[in-house]
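I opened my notebook to jot down what I looked up here, one topic at a time. Come along if you like contacts and angles.

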Amino acid sequence: METFLQQLINGLTIGGFYAVVALGYTMVYGVLKLINFAHGDMFMWGTLAGWGLLTTVFAGLLDLDLIAVLIVAIVVMAFIGLLGMTIERVAYRPLRSAGRLSPIISALGAAFALQAVARNVSEARWRTYPEGLLKEMPDLHLSGTVGLSGLQILMLGVCAAVMIGLYLFVQRTRIGTAMRAVSLDHNVSRLMGINVDRIISLVFFIGPALGGLAGVMIGTYYGSFNFTLGWVFGLKAFIAAILGGIGNIPGAVLGGFILGISETMVVAYGPDLGLVDASAWKDAIAYVLLIAILITRPTGILGETVAEKV
Amino acid sequence: MALLEVHSLSKDFGGLRAIDGLSFSLSPGEILSIIGPNGAGKTTVFNVITGIYPATTGTVVFDGQPLVETHERRSERVLRRLLTSLGGWIPKLPELILARLGMAPILRPHDVVERGIARTFQTIRLFPRLTVLENVMAGEHHRGRAGALGALLRLPSERDEERRIVERAIQRLEFIGLADKLNEIAHNLAYGDQRRLEIARALATDPKLLVLDEPAAGLNEAEGLALMETIRRIRDKGVTILLIEHDMKVVMGISDRIIVLDDGTKIADGTPIEIQQDANVIAAYLGEEEVEV
Amino acid sequence: MDQALKYVRRPSSHLWEIGLLALALALPYMSFMDRSRTSLAVFAGIYVMLGLSLNVIVGYAGLFQLGHAAFFGLGAYTAAILSIDYGITILATIPIAILVAGGAAVLVTKPILHLRGDYLCIVTIAFGEIFRIAVTNNVFGITGGSNGLFGAGRPEFPLPWLEPVPAIMLAIILALHLLGTRKSGPVLQWGGAAVIATAYYLLPLGLDRKPLFVVSMAMGAVAVIAGAVLRSNRASARVQMIVLVGIVLAFALGTVLGAETITGEIAYSMDEYFNVDDPTTILGVEFTPVAFKRDARPYYYLVLGFIVLTVVGMRRLQNSRLGRAWLYVREDQLAAEAMGIDTTQIKLIAFAIGSAWAGVAGVLYASRFTVVAPESFNFLQSVIMFSIVVLGGSGSIPGVLVGTLGMVVLPELLRDAAPTFMYEGAGPVVILALILGFYLYHAQDRLPAAVLESAAIAAAFFLPPLLLGEPALYVVGILMALVMLIAIARLRRRTARYLPWVAGALAVYTIVLLAAGGSLGPDLSDGVSGFRIMDWRDGLMGVAMVLMMMLRPAGLIPERRRGIAPVTVEQPSEPIPTAARQQTTV
């Protein structure tokens, strides 16, 4: 029971990361109906940029680690957000009326380009965040051996804040309403006086900025990364978004947690159930879950079935 | 015997009841129009009959065979959904299981076409980037037999079939009066021609019942008249016609019988003359205005 | 009506195809082709096959498939396992690979076919990844884990008489026969099967000449094809049976009568012909396992043969009832369904055919490289195949050829040639001239401004190498020039005041380059050796993908259909008398 609770907490933390990255996918999909394959690599750039800043410019400030990480996170969010806007301008906007195949190729191309740059900047090696970063924070003991480390509390807190904040932003503000309108119909939104291009740009700022934040958080949490992180983690986050029902913010969060918890549980309990190499199969869990859910619910758990108007 | 029998058919969308206990029947060779204000559920009736939407309750019998059958227990509905969603890896297995259990088959739109019902759409749904001829050939598809192997080896049977398909498609186009445009891209046709092409394409499936969803929408007066003429000619070839139309000239001019829908229920059923004099219709459908014929 | 409509299959000129084929046949003998380039041509040929097979799914039926590498891999693993563990000669595994890859595609895609576009896309990625993870983890203990399998066989001609092969071939022949005669009554169906099976084993075993299985196979194939032709001409079951027995008897009689001479000769000459120690050569190319090991040219012709076969097959499919159904589904699925087309089945067939043919490409791959490892079938490969189809122009066969040149051949050539070609001698000037020429060609209507822009592009091209004194940076120069091309193209549409932007970007870029010097990214102080183009290959490919889609969203050579069933309108040669004409008018 104690291991179970502990694994649940670990799973929740990882699920939180998935959820924050998934939010970026789901927002972009909502307004453009485009799978932004470059999102995973933008997120990885967040980890990379965080590493670059923490090991160079902010290396002297590491005593104040929480503040340093916070500042770095904000800088990275701004940077990745701008990167996202640029990519939308260059790679997606010209193709908005070009059918369904072309934007996918363009997105994959952007992902390759980002990945190649990251590979060369990191010299294709595993890179580590400064040691002992945020390790001094107070832990929380629940009962027995079960507990949350200070880092986990911080991560879960930030994830929760981001999700709730974004949800309120989209549901309660004028701009959020405009976003929802754009996701329903570009032309009608335009007729209602919404600047669709600007809303899409904004979405391409917020989504990648959240990805950048998740990137820094993951770098801090795991300590090391390499340039393939974006692809593996990004794809799984996208799957999380689909599991929950893409285009739907609570869905992305739900999908993220489901995925994080199932992965942790399979790795923890797989060997007991006869799955010898549970950790080797860890990556397959997301895919199996995805297929199982889509067969039974073609638009995800919280996705609405949209009947085609005839 | 009636060609089509609809019995207490209902269709819900979420909490909204689009059709409510609708019953009517259609004799062979008849031209029946369904009219009613916007949102009365006319197109939904068509979509249920042609298998695009499942019905909530009710039955539809076409040519003595059940098309829609909803008198089933909850467990049966779950089983049906399960079989449909899994698709069944073995072809025809779900159908076989359902038949064993004495349940109605899962009919998808193409199965309905196979039974002999063809339709057109309210908003034109041609294959816009294909030629006129290719569009009509789509209707011939379901009677063809040639498969991948025949095409790869280009067997004589495949070549015969191809030639027959093209020749028949040309005949349809001649019938509808588009034969001179057969190599044009459908998208480039004039609006009225696109409407006619859609009818030709539906006719190519060799239907017993042709279901037309607002064929006169967007046509001018001369085109409307020509359309009436075409519909009569189609009927004279032995095809029964079910029609949704707003253009009263067309409706009153060609219908043998008219059904009036309002809010998903039938409020009148009769000949054009009867309908024009029906108080319910005037009140509910035409409101305060004069009947315009 | 004065005109008579008549259906005529539009005559097609095969000039292009013949020219291209002649070129392809002569390619290995051209002066610039060395061993490694021939190898590259073989590799590219396999990708052409993959592209053509994926084209069925993506181009014809308009479905997403980003996990095609899995079916390629299934074919390759099937071939490798059968060849290594069961000793079956590698080309004989093709039918099995077709069954495995096609069957897997049917099993796997059937439950997901109802998914809408993007969902289908992600699920196919999932299948691809599950396949990769499964083979990496040595599923069922037969895939060799992450190192893969070694020692798959090389092609042997003809399909030899190894024990399992004749049985497999007979099974296939019988299956085709039974399938074809399923409506012809039990006598023809089962009686015919018995005749074929008996005759099949009678000759080789009765005469104790196993090489004669080759003759048996030919007989079986002839019987099946003859049956298909007769059926399509509506011959009666009795006639079919007579012909079937006739074929068998002819084979048997011919062989038995000439038993001493013919079979003896066949057996001996075959042994001789395929004797490894004394290879027979055709046009200087040896078609023996040893030759396949020594030289890439036999593979080249083998793959070329398969490509020709594929292209012919694809053309025929495209112009058939099935091909049209794919088009209808691609254009408007609901309308296709409403016209009586079983869209699920049509899509399933597209997946089955495309995947099965990817399996064939997998067999060729296994026989070429003899090593089959998971990383050859990862997501990147799926993306490359997908890009081949879309960049070339989805649905277009020449597009697949061009797409393969761009996605497979060019990057490989870059690996060899770029270090010297791209920054030595006239190389940079040629590249810049190409970029500018392309640019000016597109800006013909506004030349004065375009000249200024060209100057900016040229500056972007030459600045980094000159400023940093590092010729290898011409690669960066190309990237920068391309980026500027995009920027200009984008900005121009909005406003005429783009030049300050371009100049500003250029300035920032120069400063960044100078400031960064050797500290960021690749270590430039090492000079040419420090800058490895391979590190940037994927990135260049990515930028090229974005750029291509921007300039030609429909692909390089978009699908150009010539009308599936062309119809000519002909004036009747003799004028019809008015009275007669009125009678014929409907």
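**A helix pair across two chains**

I began with the meeting of helix 11 of chain A and helix 5 of chain C: A:Asp283, A:Ala284, A:Tyr287, A:Val288, A:Leu290, A:Ile291 and A:Leu294 on one side touch C:Tyr119, C:Ile122, C:Val123, C:Ala126, C:Glu129, C:Ile130 and C:Ile133 on the other. I sorted the residues of this contact by kind and got twelve nonpolar, two charged and no polar. I kept in mind throughout that this is a predicted model.

Next I looked up the geometry. Helix 11 covers residues 282-296 of chain A, helix 5 covers residues 117-136 of chain C, and their axes come within 9 Å. How are the two helices oriented to each other, given a crossing angle of roughly 140°? Roughly antiparallel would need an angle over 145 degrees, so I noted helix 11 of chain A and helix 5 of chain C as oblique. I also wrote down that their crossing is left-handed.

**The nonpolar cores**

Which residues touch the most other members of the largest nonpolar core? I found A:Ala19, A:Ala22, A:Leu290 and C:Ala350, in a core of 317 residues. A:Leu290 was already on my page, from the contact of helix 11 with chain C. The element that gives the most to this core is helix 1 (residues 2-32) of chain A, with 16 residues. Apart from the largest core, I came across another one of 18 residues, which includes C:Ala199, C:Phe213, C:Val248 and C:Phe251.

I then picked A:Ala22 and asked which residues it contacts beyond four places in sequence. My list for A:Ala22 reads A:Ala237, A:Phe238, A:Ala240, A:Ala241, A:Ala252, A:Gly255 and A:Gly256.

**Chain B and its side towards chain C**

For chain B I counted twelve helices and ten strands. Of its 293 residues, 43% are buried. Among contacts in chain B with a separation of 6 or more, 65% join residues 24 or more positions apart.

I turned to the border with chain C, where 46 residues of chain B are in contact with 37 residues of chain C. On the chain B side, the elements giving two or more residues are helix 4 (109-115), helix 5 (132-140), helix 6 (148-153) and helix 7 (156-176). Helix 7 of chain B gives the most, with nine residues. By kind, I split this side of chain B into 21 nonpolar, twelve polar and 13 charged residues.

**Three loop residues**

I checked A:Lys33, which is not a glycine yet has a positive phi of about 55°. A:Lys33 sits in the loop between helix 1 and helix 2 (38-55) of chain A. Is A:Lys33 buried or partly exposed? I put A:Lys33 down as partly exposed, because 15 other C-beta atoms lie within 10 Å.

B:Asp206 also went into my notes, with a positive phi near 60° in a residue other than glycine. I located B:Asp206 in the loop between helix 8 (191-203) and strand 7 (209-213) of chain B. With 17 other C-beta atoms within 10 Å, B:Asp206 is partly exposed.

My last stop was B:Gly147, in the loop between helix 5 and helix 6 of chain B. B:Gly147 counts as partly exposed because it has 13 C-beta neighbours inside 10 Å. I looked up one distance too: the C-alpha atoms of B:Gly147 and B:Thr123, 24 residues apart along the chain, are 32 Å from each other.

Key: Residues are numbered from 1 along each chain as its sequence is written. Chains are lettered from A and ligands numbered from 1 in the order in which they are written. This is a predicted model: local features need pLDDT of at least 70, side-chain atom pairs count only at pLDDT 80 or more; totals for chains, interfaces and linings use all residues. A nonpolar core is a set of buried Ala, Val, Leu, Ile, Met, Phe, Trp, Tyr and Cys residues joined through C-beta atoms within 7 Å. A residue is buried if 20 or more other C-beta atoms lie within 10 Å of its own, exposed if 12 or fewer, and partly exposed in between; C-beta atoms are placed from the backbone. Helices (H or I, at least four residues) and strands (E, at least two) are DSSP runs, numbered from the N terminus. Two residues are in contact if their C-beta atoms, placed from the backbone, lie within 7 Å. Axes are lines fitted to C-alpha atoms, for helices over the stretch in contact, and angles run from 0 to 180 degrees between N-to-C directions. Angles under 35 degrees count as roughly parallel, over 145 as roughly antiparallel, 65 to 115 as roughly perpendicular and the rest as oblique. A crossing is left-handed if the near helix is turned anticlockwise from the far one by less than a right angle, and right-handed if clockwise. Ala, Val, Leu, Ile, Met, Phe, Trp, Tyr, Cys and Pro count as nonpolar, Asp, Glu, Lys and Arg as charged, and the others, Gly among them, as polar.
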